[in-house]
Amino acid sequence: MGIGVDMVKVERFKDITPHFRSKVYTPQEQAYLTGKKIESLAGIFAAKEAVAKALGTGFIAGLRPIDIEILHDKNGKPYVNSHKNIEISISHTATDAIAFAVVT
């Protein structure tokens, strides 16, 4: 079991490059993010960080952001595409994004 939380400034995602997108977001995440505001980019990134922390590693020891996939169900609820039981919550404003993850 583990918990993780992460908060990022939305403005950090204002000028991200296609290279950054391909290293951080999976193809399914990129498809979801098409046409979304940068708050969503920041929120999914924060969720990936929170999950990495909840797993007890952070982004070291070989775990990369692209290894964690955050998807959304038909109602828009985010979830982690994983064989582990991981619950997440994402929230954002125009300036900040925060995510919380629990691994059971």
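**Close-up 1. The antiparallel pairing of strands S4 and S5 in the predicted model.** Strand S5, which covers residues 96–103, runs antiparallel to S4 and is joined to that strand by 7 bridges. Within this pairing Ile86 stands opposite Val103 of S5, and Glu87 stands opposite Val102, which likewise belongs to S5. The two strands form a hairpin, with 3 residues lying between S4 and S5. Strands of a sheet pair, in general, through backbone hydrogen bonds, and the pairing may be either parallel or antiparallel.

**Close-up 2. The pairing of strands S1 and S5.** On this side of the sheet S1 and S5 pair over 8 bridges, and the sense of the pairing is antiparallel. One of the residue pairs that can be picked out here joins Asp6 to Ala99, the bridge partner of Asp6 in S5.

**Close-up 3. The open sheet formed by S1, S5 and S4.** The sheet has 3 strands in the order S1-S5-S4, is open, and is built with antiparallel pairing. Its edge strands are S1, spanning residues 2–9, and S4, spanning residues 86–92, each of which pairs on one side only. From one strand to the next, the twist averages 10 degrees. As for strand S5, 6 of its 8 residues are buried, that is, under 20% relative accessible area, and the strand is therefore largely enclosed by the rest of the structure.

**Close-up 4. Helix H3 and the sheet.** Helix H3, made up of residues 38–54, lies across the strands S1, S4 and S5. With respect to S1 in particular, the helix runs at about 150 degrees.

**Close-up 5. The surroundings of Lys48 in helix H3.** Lys48 is part of helix H3, and this residue counts as buried because its relative accessibility is 0%, where the cut-off for burial is under 20%. A polar atom of the Lys48 side chain lies 2.4 Å from the backbone oxygen of Ile68. When residues up to four places away in sequence are not counted, the residues that Lys48 touches are Val24, Tyr25, Glu29, Phe59, Pro65, Ile66, Ile68, Glu69 and Ile70. Ile68 thus appears both among the residues touched by Lys48 and as the residue whose backbone oxygen lies 2.4 Å from a polar atom of the Lys48 side chain.

Methods: Residues are numbered from 1 along each chain as its sequence is written. This is a predicted model: local features need pLDDT of at least 70, side-chain atom pairs count only at pLDDT 80 or more; totals for chains, interfaces and linings use all residues. Side-chain values use heavy atoms; hydrogens and water are left out. Two strands pair if DSSP finds at least two bridges between them. Helices (H or I, at least four residues) and strands (E, at least two) are DSSP runs, numbered from the N terminus. Axes are lines fitted to C-alpha atoms, for helices over the stretch in contact, and angles run from 0 to 180 degrees between N-to-C directions. Contact means heavy atoms within 4.5 Å. Buried means under 20% relative accessible area, exposed over 50%, partly exposed in between (1.4 Å probe, protein chains only). A polar contact is a pair of N or O atoms within 3.5 Å; within protein, one must be able to donate a hydrogen and the other to accept it, and residues adjacent in sequence count only if both atoms are side-chain atoms.
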